[in-house]
Each structure stands twice: as C-alpha cells, then as structure tokens.
Amino acid sequence: LTFKIKSLLVGEYSPNILIQTEDQNDESLKKIFWMDLQDNGSKAKDITHLIMEKPETIVWPHAETQLLFTFQDKYFDKIDISTGAVFPKIFLNVKGFGFSKDKVYILNYEDLLSAFSFDGKIIQKLLGNEELGKSLFGASSFIRIFPLGQNIILFLDDAGGLITNHLPYRF
C-alpha cells in the first residue's frame, strides 16, 4: 500500500494533529490518524473506526489531548481517543459552535446560545431571548463562535458578518 496525505488538521495551541490518508491506488482505503507531536509523532493512532459518519469538520479543544468532536448534519459526536468511546449526537440542532479551554458554545436553530461542558451538560444559558437571537443570527445558516475571555464572544456568520455579544452587536 502506498498512502498519501489527503488532509492535515491542526488545533490551536494543541500538540496534536489529525491526518487523513488514502491509498494512491484505491481511494476507498482511507484512514484517519491522531498524532501527538510531543512524543515526536512516534505514536500515530489509527482512529478511523471511531468516526461513525463522514464529518463536515473535526475539532478539539486545545486543552484536551484525547477528545475530538466531529460535526455533521447539524450535530456533534464526541470521541474519547484514550478509551475508544464514542458518544453519538452529544450536541443536537447545532447552527453554530465554538470551543474554549473548558466549554463548548452552541448556538441552536432557535438562535439561542448556551455554554456546555464537554460531557454535554449545560453550564449556562447565554442568550435566552429568542427575539434578540433571531435579529442577530436569523439570516445566517451557520455561525462560528470565538470566545475571547473577559465575557467577550465573537460570532462570524456565513456571509462574513462579525457580531459580538456587546453593543453595538454588529460591525
């Protein structure tokens, strides 16, 4: 088998990389490897079997070295690489998302925003006003969320609009 690297994902502030490979002679032989660069990459782990459906994207919190979240069809699956456990559909109805070192920020299709633990438990409702949510996010089909600290959150919508959780909201 002759594998080539098809894609490479790097997490912000993370010593880990995700590598997708495929066989040059047989495109059906695709593999996904998780590699920790702190040990010189000597322990690439094949995690192909842990990914249930083809994800739109794969993300991981920078503070976590063993948790991945795959996003597909408006939901997230959580994967614990250390144990091989898969937690399907841990977050549902996802219109937008972002990660901090210890939280997942989810904007749902009712345009309501909440912060969750990595285990899927709600920590805090951040935007519970549906009318305000619709005015800020209603025209967008997807939102990237960037928690910056000091209670500042930026939102980047699919049209390139920048929104914040502080007045004047839109820039």
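Good morning. I begin near the end of the chain: P168 lies in the segment that follows strand β15, which covers residues 162-164. A cis peptide bond joins L167 and P168, and its omega angle is about 10 degrees. Please bear in mind throughout that the structure before you is a predicted model.

Let me now turn to the chain as a whole. The secondary structure consists of 1 helix and 15 strands. Taken along the principal axes, the C-alpha atoms fill a box of roughly 55 × 30 × 30 Å. The chain has 171 residues, and 39% of them count as buried. About 9800 Å² of surface is exposed, and carbon and sulfur atoms supply 53% of that area. Contacts along the chain can also be described by their reach in sequence. Among contacts between residues at least 6 apart in sequence, 28% join residues that are at least 24 apart.

I come next to the charges. The protein chain carries 18 positive and 22 negative charges, and the mean positions of the two groups are 2 Å apart. Side chains of opposite charge can pair when their charged atoms come close. How many salt bridges does a search of the whole structure find? The search finds 6. I shall discuss three examples.

In one of them, K4 forms a salt bridge with E22, and the closest N and O atoms are 3.7 Å apart. K4 lies in strand β1, residues 3-10, and E22 lies in strand β2, residues 16-23, so this pair ties together parts that are 18 residues apart in sequence. Are the two partners buried or exposed? K4 counts as partly exposed, because its relative accessibility is 38%. E22, in contrast, counts as buried, because its relative accessibility is 6%.

E22 has another partner. K6 also forms a salt bridge with E22, with the closest N and O atoms 3.9 Å apart. K6 lies in strand β1 and E22 in strand β2, so this pair ties together parts that are 16 residues apart in sequence. K6 counts as partly exposed, since its relative accessibility is 44%.

The third example is found elsewhere in the sequence. D119 forms a salt bridge with K78, and here the closest N and O atoms are 2.9 Å apart. D119 lies in the loop between β11 (113-116) and β12 (122-127), while K78 lies in strand β7 (residues 75-80), so the pair ties together parts that are 41 residues apart in sequence. D119 is exposed, with a relative accessible area of 51%, whereas K78 counts as buried at 5% relative accessibility. To return to the earlier pairs, salt bridges that share partners join K4, K6 and E22 into one network.

From charged residues I move to nonpolar ones. Which residues make the nonpolar surface patch of about 550 Å²? The patch is made by F146, L148, I152, L156, L162 and F171. Strands β13 (143-149) and β14 (152-157) each supply at least two residues of this patch. Let us take L148 as one member. L148 is found in strand β13, and it counts as exposed because its relative accessible area is 54%. The C-alpha atoms of L148 and S100 are separated by 8.2 Å, although these residues are 48 residues apart along the chain.

Some loop residues also deserve attention. G138 lies in the loop between α1 (130-137) and β13, and at 40% relative accessibility G138 counts as partly exposed. Leaving aside its neighbours within four places in sequence, G138 is in contact with K95, D111 and G133. G138 and F69 are 69 residues apart in sequence, and their C-alpha atoms are 25 Å apart in space.

D111, one of those contacts of G138, has a backbone feature of its own. D111 is not a glycine, yet it has a positive phi of about 65 degrees. This residue lies in the loop between β10 (104-108) and β11. D111 is buried, with a relative accessible area of 1%.

D73 likewise has a positive phi without being glycine, with a value near 50 degrees. Its place is in the loop between β6 (67-72) and β7. Is D73 buried or exposed? D73 counts as exposed, because its relative accessibility is 56%.

Thank you for your attention.

Conventions: Residues numbered from 1 in each chain as written. Predicted model: local features only at pLDDT ≥ 70, side-chain atom pairs only at ≥ 80, totals over all residues. Heavy atoms only, no water. Patch = residues over 30% accessible without salt bridge, like charges linked within 9 Å, V, L, I, M, F, W, Y side chains within 5 Å. Areas by Shrake-Rupley, 256 points an atom, 1.4 Å probe, with all protein chains shown as cover. Salt bridge = Lys/Arg side-chain N within 4 Å of Asp/Glu carboxyl O. Helix = DSSP H or I, 4+ residues; strand = E, 2+ residues; numbered from the N terminus. Buried < 20%, exposed > 50% of the residue type's maximum accessible area, 1.4 Å probe, protein only. Contact = heavy atoms within 4.5 Å. Lys, Arg positive; Asp, Glu negative; His and termini not counted. Charge placed at Lys NZ, Arg CZ, Asp CG, Glu CD.
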